[in-house]
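This report describes a predicted model. The sheet comes first, followed by its helices, a cavity and the confidence of the prediction.

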Amino acid sequence: MPSNAPLAQRLARQRLTRRDVLWFFSAAALSGCAQSPIGGKSILVGMSEAQEKAVDQQVAPQQFSTDLGPIQDSQVNTYVSSVGQRMDKLTHRPNMPYSYRVLNANYVNAYTFPGGAMGVTRGILVELQDEAELAALLGHEMGHVNARHAAQRQGQSMVASVAMAGVGIAASSSEWGGLVAIGGQLGASLLLSGYSRDNEREADALGQEYMVRAGYPASGMTRLHELLVRQQKEQPGMLQTMFSTHPMSVERRDTAQQLASTQYAASLKRDPGRQRFMDSTASLRRIKPTIEACQNGEVAMASKAYDKAEGQFRSALQKTPRDYASNLLMGQCLEAQGKSREALAYANTAKQIYPQEAQAHKLAGALALGLKDPAAAYASLDQYDRMLPGDAGVGFLKGVALEGMGKRQEAARQYAGYLNQQRQGKAAEYAYSRLRGWGYVK
């Protein structure tokens, strides 16, 4: 972190360095016993059903935004939701508030929150070949919800521990490569990591049961695992998050195959829904080359190979100029190379393409601070805050912007609000030093 006194002087003179901007952006990155619904066995859980639902409401919007929000393709989102809804009413917990969306993230993964709020990345959806594979993917996530794996694993401390871990990692980072590594995987990994192999086996078994109940062939689960095993060999970088949140093994594939050929053999003659899947996802699959270029660019960014990453993002934008993710990633890549003004242009384009999604507003705000325009920075950050309220880091950045505008009292309120939520780390130290220097605390 830049030292407090020199940073305050640079703010006053509007002479922030690139290191200041990188730090500002990193400081904003956050993000008993019961009866099991499966067979009625006793399980140790740390949250009630109401708390499981509350976790979804509190945490899911932030994570979905970290993964760049639902794709702007209502047909694809409606289709994926219809597959989920066909199955979720046949689960052991049909009254949970299940919801489904395809996310703009390019990495290969799907995940769920304890109450059933599910995200499927566009990176994995374009790799699937039929509706039965999609049903297997969603069914597996339903398995985690129905077995209450998250409740068993982390309990009531989940939200607090995730928020604290996110702040700590962000505040200690000073390199963009660490902040933008492969989509939004940081948040998903922190929240969802820790599923055991036994959890995964149970989710597989439940997912296969649910998809068969819904009229799909059980072989869809086998093909999904075959896809993932193959991708692990061919593109391990893009599966990094999936295998940290969902430990994969050939054994899981073989188990699915064994169940398909024995217990669920009667289902194998069913239609896997390939034509329906292809028709319903055609608009997304048309931009698969764009998604692949973004994947390559994000892997390069994670390795700090910024020239290579920029080339990949330019390739993506040539293919699909109005792609939200490509524009946002290009902005991040350019800022990593010190090209802040060019980066801001891409961030602003991303805002125009998808004004309802928050991440471009945060990026534009951080960039505007570096370009000595605290008023524009505040406007973007305040818009983010309206979309996703409660992000303490964004409140801190708003304080920085207000301080740069000479609005000390309003900046002090933002710093105080930040300190009410976060008492440790460099951002907290800076906020406290300003409040003390201004006489608000002794």
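## The sheet

In this predicted model, three strands make up an open sheet with mixed pairing, arranged in the order β3-β5-β4. The edge positions are taken by β3 (99–103) and β4 (110–112); each has a single partner strand, so one side of each lacks a neighbour in the sheet. From one strand to the next, the twist averages 15°.

Strands β4 and β5 (residues 117–121) run antiparallel and are joined by three bridges. Within β5, Val120 is the bridge partner of Ala110. In general, strands of a sheet pair through backbone hydrogen bonds, either parallel or antiparallel.

## Helices packed on the sheet

Helix α3 (residues 49–66) packs on the sheet and touches β3, β4 and β5. The direction of α3 makes about 15° with that of β5.

Helix α6 (residues 131–146) also packs on the sheet, with β3, β4 and β5 as the strands that α6 touches. Here the angle is given against β4: the direction of α6 makes about 30° with that of β4.

## The second largest cavity

The second largest cavity has a volume of about 40 Å³. Its lining consists of Glu52, Thr112, Phe113, Pro114, His144, Val145, Arg148, His149, Ala150 and Tyr195. At least two lining residues come from each of α6 and α7 (149–153).

Sorted by class, the residues lining the second largest cavity are five nonpolar, three polar and two charged.

## Confidence of the model

The protein chain has a mean pLDDT of 84, and 76% of its residues reach 70 or more. Over residues 29–34 the pLDDT is below 50, and this stretch has 26 contacts in the model beyond near neighbours in sequence. Residues 155–191 likewise have pLDDT below 50; beyond near neighbours in sequence, that stretch has 91 contacts in the model.

Where pLDDT is low, the predicted coordinates should not be read in detail.

Definitions and conventions:
Residues are numbered from 1 along each chain as its sequence is written. This is a predicted model: local features need pLDDT of at least 70, side-chain atom pairs count only at pLDDT 80 or more; totals for chains, interfaces and linings use all residues. Side-chain values use heavy atoms; hydrogens and water are left out. Two strands pair if DSSP finds at least two bridges between them. Helices (H or I, at least four residues) and strands (E, at least two) are DSSP runs, numbered from the N terminus. Axes are lines fitted to C-alpha atoms, for helices over the stretch in contact, and angles run from 0 to 180 degrees between N-to-C directions. Contact means heavy atoms within 4.5 Å. On a 1 Å grid over the protein atoms alone, a cavity is a set of points where a 1.4 Å probe fits but cannot get out, and a pocket is an open set with protein on both sides within 12 Å along at least five of seven lines; lining residues have an atom within 4 Å of a point. Grid points are joined across faces, edges and corners, and a volume is the space filled by probe spheres set on the points. Ala, Val, Leu, Ile, Met, Phe, Trp, Tyr, Cys and Pro count as nonpolar, Asp, Glu, Lys and Arg as charged, and the others, Gly among them, as polar. pLDDT is the predictor's confidence in each residue, from 0 to 100.
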